[in-house]
Amino acid sequence: MAEHVILFAGPMGAGKTTAIESLSEIEVVRTEANNSERHIVDKATTTVALDYGEILIGAQEKVRLYGIPGQQRFDFMWTILKKRAKGMVLLVNSDAPDPIGEMTFFLEEFRELYDRGGVVVGITRSDVMPGPALAEFSDALERTNPGLLIPVFTVDPREADQMQNVLLALIANIEMRAAFGMLATTGAS
Amino acid sequence: MTIDIDQVAAKSAPPEFPVTIGWTQAAMAISSVLALNTPVHLRMDIEMHGALLIDFRHHAFSWSTPLEYFPVDAVHTHLETVPTSPDAPPYFELPGQDLDGLLWVMGLNAFGDGAAFWLSPNERYRLIRWPNLTRHSHNMSHVKMIAVLGNANASTAELAAFAGVEEPEAQRLINALSLMGILSRSSEAPAATMAPQTAAAKRQSLFGRLRKRLGR
């Protein structure tokens, strides 16, 4: 069976689990535990291993959706999963203390995945509290990674339609990057 | 202090303005204002749709007509620039609506299947940043074309060929992205080369299969 692995990364509270639930056709496998860092993000539970959902395409193909824990102490999971991934949806909540810093941090951690696949940035909770404007995220990307043209969208992870748009933009961009010889290698399936 | 939108909209239009149909003149005016980066607001009066106000400094607009109901063949009875200053109050109560949404739909429709008047033949285009697609009504051909322009310099004809769409559809997208100011233009950029795609390779496009699977 052909498989395509897409990661959902980003800081705790960005909406990764919700995004996968919006996209997945199966009940999402969640590995949550009580959040011991409520002083950082005020939510009762958080992902500690991974979340998993999938989209079947016919009988012989599926898109696997993996949500990885946001805290850096779980970065061994990042290493395991990014090797298998084709691309990544990086979600950053606009109301985080330093959303632009979070975005650039995760992008640096997963730069290898960008080089051989693709990344889309989704800014969540921008409707909840005013944060940096979308252009500020794009400008920060251009400053820290000159020449990279990474799609940046505002997104509500609860909205399946918006998450599908994000996923399709990611796949379209990966395929065009491959078609124009922009990928470093083509290791992932 | 902000200007009351009802007060602004209630101002009567000068009689000498020639009534126009469609968005060509509005797009030309907006393109000029954005290019000049001069402190002005823009006001349009549209038959049956009221006053459309644009505050360029805050990249916002105010209009009672939702963009889902954008009137492609709108009858404009008035269009004027309103001089302002960098420290003047906003044209209307902020936040208003994001101007990009209006420019997207206006750009797609302002010139029919033809090129925007500020574009020149023999140019190639490249994306400067992706439009915020989750906020703009779009189709999957748009996504594919934008992905092309994010990774290659392409003329309108080349864009259509790379993305497998008709040239007028590519032209409309070029017009919209250009009006939004997120497209670079060059008459010297070399032609891009796409890896040869066999029919089998095209069938193997995950984008195509996933799009179909999701009913998009």
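Two residues are in contact if their C-beta atoms, placed from the backbone, lie within 7 Å. With that rule in mind, the tour of this predicted model may begin in chain A.

**First stop: A:Leu56**

Select A:Leu56, which belongs to strand β4 (residues 51–56) of chain A. Leaving aside residues up to four places away in sequence, A:Leu56 touches A:Glu25 and A:Lys62. Is A:Leu56 buried, exposed or partly exposed? A residue counts as buried with 20 or more other C-beta atoms within 10 Å and as exposed with 12 or fewer; A:Leu56 has 13, so it is partly exposed. Now add A:Tyr114 to the selection. The two residues are 58 apart in sequence, and their C-alpha atoms are 24 Å apart in space.

**Second stop: A:Val119 and the core**

A:Tyr114 is also one of the residues touched by A:Val119. Select A:Val119 next; its other contacts, not counting residues up to four places away in sequence, include A:Gly87, A:Met88, A:Leu90, A:Leu107, A:Phe110 and A:Ile150.

A:Val119 leads into the largest nonpolar core, which has 106 residues. Among the residues with the most contacts inside this core are A:Leu7, A:Met88, A:Val121 and, from the other chain, B:Val148. Which element gives the largest share of this core? Colour helix α6 (residues 160–179) of chain A, which supplies eleven residues. The core also takes at least three residues from each of two domains of chain B, namely domain 1 (5–109) and domain 2 (124–208).

**Third stop: A:Arg125**

Return to chain A and select A:Arg125, in the loop between β7 (119–124) and α5 (134–144). A:Arg125 is not a glycine, yet it has a positive phi of about 60°. A:Arg125 has 21 other C-beta atoms within 10 Å and is therefore buried.

**Fourth stop: where the chains meet**

Show both chains together. Here 27 residues of chain B are in contact with 28 residues of chain A. On the chain B side, the elements giving two or more residues are α4 (140–151) and α8 (206–213). Helix α4(B) provides the largest share, seven residues. By class, this side of chain B divides into 15 nonpolar, five polar and seven charged residues.

**Fifth stop: chain B and a pair of helices**

Hide chain A. The secondary structure of chain B comprises eight helices and eight strands, and 37% of its 216 residues count as buried. Of the contacts in chain B with a separation of 6 or more, 76% join residues 24 or more positions apart.

Select helix α5 (residues 156–163) and helix α6 (residues 167–179) of chain B; their axes come within 8 Å and cross at roughly 115°. The crossing is right-handed. From α5(B), B:Thr156, B:Ala157, B:Leu159, B:Ala160 and B:Ala163 meet B:Glu167, B:Ala170, B:Gln171 and B:Ile174 of α6(B). This contact has six nonpolar, two polar and one charged residues.

**Last stop: two loops of chain B**

Select B:Met48, found in the loop between β2 (40–46) and β3 (50–55) of chain B. B:Met48 has a positive phi of about 70° although it is not a glycine. Is B:Met48 buried or exposed? With 8 other C-beta atoms within 10 Å, B:Met48 is exposed.

Finally, select B:Pro95, in the loop between β5 (75–83) and β6 (97–98) of chain B. The peptide bond that runs from B:Leu94 to B:Pro95 is cis, with omega near 15°.

Conventions. Residues are numbered from 1 along each chain as its sequence is written. Chains are lettered from A and ligands numbered from 1 in the order in which they are written. This is a predicted model: local features need pLDDT of at least 70, side-chain atom pairs count only at pLDDT 80 or more; totals for chains, interfaces and linings use all residues. Helices (H or I, at least four residues) and strands (E, at least two) are DSSP runs, numbered from the N terminus. A nonpolar core is a set of buried Ala, Val, Leu, Ile, Met, Phe, Trp, Tyr and Cys residues joined through C-beta atoms within 7 Å. Domain bounds come from an automatic or database domain assignment. Ala, Val, Leu, Ile, Met, Phe, Trp, Tyr, Cys and Pro count as nonpolar, Asp, Glu, Lys and Arg as charged, and the others, Gly among them, as polar. Axes are lines fitted to C-alpha atoms, for helices over the stretch in contact, and angles run from 0 to 180 degrees between N-to-C directions. A crossing is left-handed if the near helix is turned anticlockwise from the far one by less than a right angle, and right-handed if clockwise.
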